[in-house]
Amino acid sequence: MATAMGALRRLLMAPSLKDVSFAGRGFPVVETAATRQLESIPQSVVCGFEWGIDASGVWELERRLSLVDPETRGFAYEGATMASTVRDVMGPRKGTRTEELLAGEGKRHIFLNYIGIGFAMARLPRPLWKKVMPQLPDESYYPQMSWLAVDGYGFDRAYFDTERWIDGQYVDRPYAWEGAAEYFPRAVDQGIGRALWFIHGARVDHVAAAVGRFAEGRQADLWAGVGLAATFAGCSTPEDLNALRHASGEYRDHLAQGSVFAAKARHHSGTVPEHTRTATHALAGVTVESAARLADDTYVPSGSSAAGPAYELWRHGVRARLVVNAGARQSAEHF
């Protein structure tokens, strides 16, 4: 049975399924079978959040999440992680609910769990952000991907306040996430890029035009977010994906890098839908398995002495490796 506190938290924090629908948000999306599938993703997040708020413990929460279709289960885990983060931060004592969730079945969805933490950040005052990250034991949790929490924050703000964040191209004030305040707006932009894929219902021409309206210095990170969304969430034909790659122009490597991260996340979860395989090949020129290996080979571990956030060094390494691979393929084709 839902507790009174749980009901209060849900009322204050969770949007309704209608609120996150494309029509509910007023997005310019023509309803089709494909866009209904895309629309089910934010609705899965809401369901996961509600379960996470109401469940008496992690065991019960995991049982509920196990009933979700494997292809969208990671999104429900996003919502559940958001709820667990809120409960940990707002509870009377420091909790470990999020740590317990991520140590269990949630670990395979660790990339999306970080995004869920970002959704919680969007609803918590900044002074509480220092409490949102759980204590995770080792590199198997890909701690450099904690920047996806900032990405999730950016996605949430763009999705729910499009007039300010998309139309007005608002630039948020920096925050010293992982000690790199200057990088914070760039990670936010990656989330905004992901949001554009949903806001425009995966219409390539509309997405490309929306990215092009932003300042030139922001477009690379926006395209990386687009590549991640197009590969993980889908809703495209092969022809659409080829058009997307062409539309990205000089930012093609950034689009491809986002695609590689999405392929790695899907591969890590153990569920790789066909649309992810198609997108990874079209946008990054590799298979999902190759993309996962590439991401692992270029991973920058914690404590790296190199300048800049390890997350950005990782992204740069992926792009560089993709350029080398593309050159090798072109040379092989020539001969």
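This report looks at empty spaces, a helix pair and some unusual backbone angles in a predicted model.

**Empty spaces**

Rolling a probe the size of a water molecule over the atoms shows where empty space is left. The structure holds 3 cavities of 30 Å³ or more. The largest cavity contains about 370 Å³ of space. Its lining counts 32 residues, and Val45, Glu78, Ile115, Phe119 and Phe155 are the closest to its centre. Several helices give two or more residues to this lining: α4 (33–54), α6 (70–90), α8 (110–121), α9 (147–160), α11 (184–199), α13 (216–232) and α15. By class, the lining of the largest cavity has 28 nonpolar residues, 4 charged ones and no polar ones.

The largest pocket has a volume of about 340 Å³. Its lining is made of 22 residues. Nearest the pocket centre lie Pro143, Gln144, Ser146, Glu178 and Ser302. The pocket lining divides into 13 nonpolar, 6 polar and 3 charged residues.

**A crossing helix pair**

Two packed helices are described by the angle between their axes and the distance between the axes. Take α15 (residues 252–269) and α17 (residues 288–297). Their axes come within 8 Å and cross at roughly 100°. An angle of 65 to 115 degrees counts as roughly perpendicular, so α15 and α17 are roughly perpendicular to each other. On the α15 side, the contact is made by Val260, Ala263, Lys264 and His267. On the α17 side, Val288, Glu289, Ala291, Ala292, Leu294, Ala295 and Asp296 take part. By class, this contact of α15 with α17 has 7 nonpolar, 1 polar and 3 charged residues.

Helix α16 covers residues 274–284. Its buried residues are Thr276, Ala279, Thr280, Ala282, Leu283 and Ala284. Gly285 follows α16.

**Positive phi angles**

Most residues other than glycine have a negative phi, and most peptide bonds are trans. The table lists three residues with a positive phi.

| Residue | Phi | Place |
|---|---|---|
| Glu178 | near 50° | loop between α10 (162–167) and α11 |
| Cys235 | about 85° | loop between α13 and α14 (238–247) |
| Gly285 | near 75° | follows α16 |

Neither Glu178 nor Cys235 is a glycine. Is Glu178 buried or exposed? Glu178 is exposed, with a relative accessible area of 56%. Glu178 is also one of the residues nearest the centre of the largest pocket.

Key
Residues numbered from 1 in each chain as written. Predicted model: local features only at pLDDT ≥ 70, side-chain atom pairs only at ≥ 80, totals over all residues. Heavy atoms only, no water. Axes fitted to C-alpha atoms, helices over the stretch in contact; angles between N-to-C directions. Helix = DSSP H or I, 4+ residues; strand = E, 2+ residues; numbered from the N terminus. Parallel < 35°, antiparallel > 145°, perpendicular 65-115°, else oblique. Contact = heavy atoms within 4.5 Å. Nonpolar A, V, L, I, M, F, W, Y, C, P; charged D, E, K, R; others polar. Buried < 20%, exposed > 50% of the residue type's maximum accessible area, 1.4 Å probe, protein only. 1 Å grid on protein atoms, 1.4 Å probe; cavity = no way out; pocket = protein on both sides within 12 Å on 5 of 7 lines; lining within 4 Å. Points joined across faces, edges and corners; volume = space filled by probe spheres on them.
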